[in-house]
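Let's walk through this structure together, starting with a sheet and ending with the empty spaces. Keep the viewer open as you read.

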Amino acid sequence: MKITFWGAARQVTGSMTLLEFDDEYRVLIDCGTDLERENNPEKTRYEYGIFPFDPSLINLVILTHAHIDHSGQIPNLYREGFEGQVLCTKATLDLSELLLLDAASLNQRKFKMIHDSKKRSKKKKDIDSRELYLDRQVKEAIENFVPIAFDQRFKFKDNGYVTFIPAGHLLGAAHVYIEFWEDGRKKTLGFSGDIGRKNYPLLVDPQPLPPVDYLITETTYGDRLHIDQGEAEVLMADIIQKACIDVPGRLIIPSFSVGRTQAMLYTLNKLYTEKGFTPIKVFTDSPLAKASSRVYEKSAKLLNKPARAFLEENESLFDFENLIYLESNQASKAVSNHAEPCIIISASGMVQGGRIEHHIEANISNPYATILMVGYASEGTLGWKLLNGERKELSIRGQKLPVNATILRIDVFSGHGDFKDLTNFVTSQDAGQLKKVFLVHGEHQTMNNFKITLEQSGYTQVEIPDKGQTFEI
């Protein structure tokens, strides 16, 4: 059997791993958008269009979870010739449909920009639109998604079985456990997907994999711990008190619509419902977040025990007094004129496109505003600049604005397990049985540091694959 790493190799995004069994059956584990490559105008051109392999030869896709850096290229895979099925959990199916349709909507706007730029320019600009799929391609892909329950051993080929194991991180997210037989011998593979963290709002704790021969694990936090270790409600209560009550200001929170926003709204609901905190008007500025919240409540049986108990007692995880969902762009922009203290939660979490850019632009120079960063931001994004000390002046939409707002960050809502969680995940495996550990989905230096940690713990066969590198197992 061969395993080739086509994505998230020595970088965080674009998860895509190809398994080629000895009977020529081919399985793709995740098929994600490479955000680093997407932001690079000099995209790699492959022999097979946008893929480095022939999509028509792929038999099956196994999807760990719905995030775009794991699912975002699936519509293109079908468009380029893939005719198989996508196996995932039911919640991953539901969230993937929302996220992929949202991506298609963004693509529609990109097509319009390309068309308009060509009309304005006498010389047509060479703008690469090969990866821009639309609603029709998404719907055609979703029709081929097959939901598999957690902990159900599913036969996907002769002498091949897959089991999804709860990973935390996001509703429906799974570790993937694969069993197969070659030359009469059983072999096992484990894929971490993205590993969640313990005691995260709403989600179950990540579960360990059974013993495996080969392990592929993410390393996003492979050399650092989460800074904030307290309860989310306590941390948020302190921030809201200072930002909106002690001083009548506004709190702006860039947040991903799927996962992060639900954890935030649930925490605020608990604050208001259980802690007696004064309800401050909360504007959730993301139609995608509203739709995702419905999926979370529909899939309540997958949530952790505290969340299920809260839902049973209060009938809603996310609805509370003074919560307002903003549906239209006009309503979003009108919030800038809201004079009372308020909280605005808007996408995207990296402050890269989306409605949040307008809110940051409108409030960055306001000394009574607080901008709270709650997650990771890729280098070069506006969120990254806010997190990395560009605090005097920022260029937003072509204009330079002084930074008078207070900039804060917390990581209690990060959906990724930290160094301790990752170490526990790997070291739950027997170092004597484990033939190889492959490190993916992390910054290269972080991977090197995590590799050293594992080697010092007795795991001597650790690889950091290059993109396109193939291993025989």
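In what order do the seven strands of the open sheet run? Keep in mind that this is a predicted model. Going across the sheet, the order is β7-β8-β9-β10-β11-β20-β21, and the pairing is mixed. Strands of a sheet pair through backbone hydrogen bonds, either parallel or antiparallel. At the edges you will find β7 (154–157) and β21 (462–463); each has a single partner strand, so one side of each is left without a neighbour in the sheet.

Take a look at the β21 edge. Strand β20 (residues 436–440) runs parallel to β21, and two bridges join them. To find the spot in your viewer, pick V437, which stands opposite V462 in β21. Two helices can be added to the picture here. Helix α14 (residues 444–456) packs on the sheet, where it touches β20 and β21, and its direction makes about 155° with that of β20. Helix α13 (residues 419–427) also packs on the sheet. The strands touched by α13 are β9 (174–182) and β11, and the angle between the directions of α13 and β11 is about 170°.

Now for the enclosed space. Rolling a probe the size of a water molecule over the atoms shows where empty space is left. The count comes to three cavities of 30 Å³ or more. The second largest cavity holds about 140 Å³ of space, and 18 residues line it. Nearest its centre lie S15, T17, D30, I216 and V440. Two elements, β2 (16–20) and β11 (214–218), give two or more residues to this lining. The largest share, three residues, comes from β11, a strand you have already met in the sheet. By class, the lining of this cavity has six nonpolar, nine polar and three charged residues.

Next, the open spaces. The second largest pocket has a volume of about 630 Å³. Its lining is made up of 28 residues, with K198, N199, Y200, P201 and G230 nearest the centre. Helix α13 turns up again here: along with α6 (232–245), α7 (260–274) and α9 (305–314), it gives two or more residues to the pocket lining. The classes in this lining are 10 nonpolar, seven polar and 11 charged residues.

Finally, a word on charge pairs. The whole structure has 18 salt bridges. One of them joins D94 to K90, with the closest N and O atoms 2.9 Å apart. Both residues lie in helix α4 (residues 90–120), four residues apart, about one turn of the helix.

Notes
Residues are numbered from 1 along each chain as its sequence is written. This is a predicted model: local features need pLDDT of at least 70, side-chain atom pairs count only at pLDDT 80 or more; totals for chains, interfaces and linings use all residues. Side-chain values use heavy atoms; hydrogens and water are left out. On a 1 Å grid over the protein atoms alone, a cavity is a set of points where a 1.4 Å probe fits but cannot get out, and a pocket is an open set with protein on both sides within 12 Å along at least five of seven lines; lining residues have an atom within 4 Å of a point. Grid points are joined across faces, edges and corners, and a volume is the space filled by probe spheres set on the points. Ala, Val, Leu, Ile, Met, Phe, Trp, Tyr, Cys and Pro count as nonpolar, Asp, Glu, Lys and Arg as charged, and the others, Gly among them, as polar. Two strands pair if DSSP finds at least two bridges between them. Contact means heavy atoms within 4.5 Å. Axes are lines fitted to C-alpha atoms, for helices over the stretch in contact, and angles run from 0 to 180 degrees between N-to-C directions. A salt bridge is a side-chain nitrogen of Lys or Arg within 4 Å of a carboxyl oxygen of Asp or Glu.
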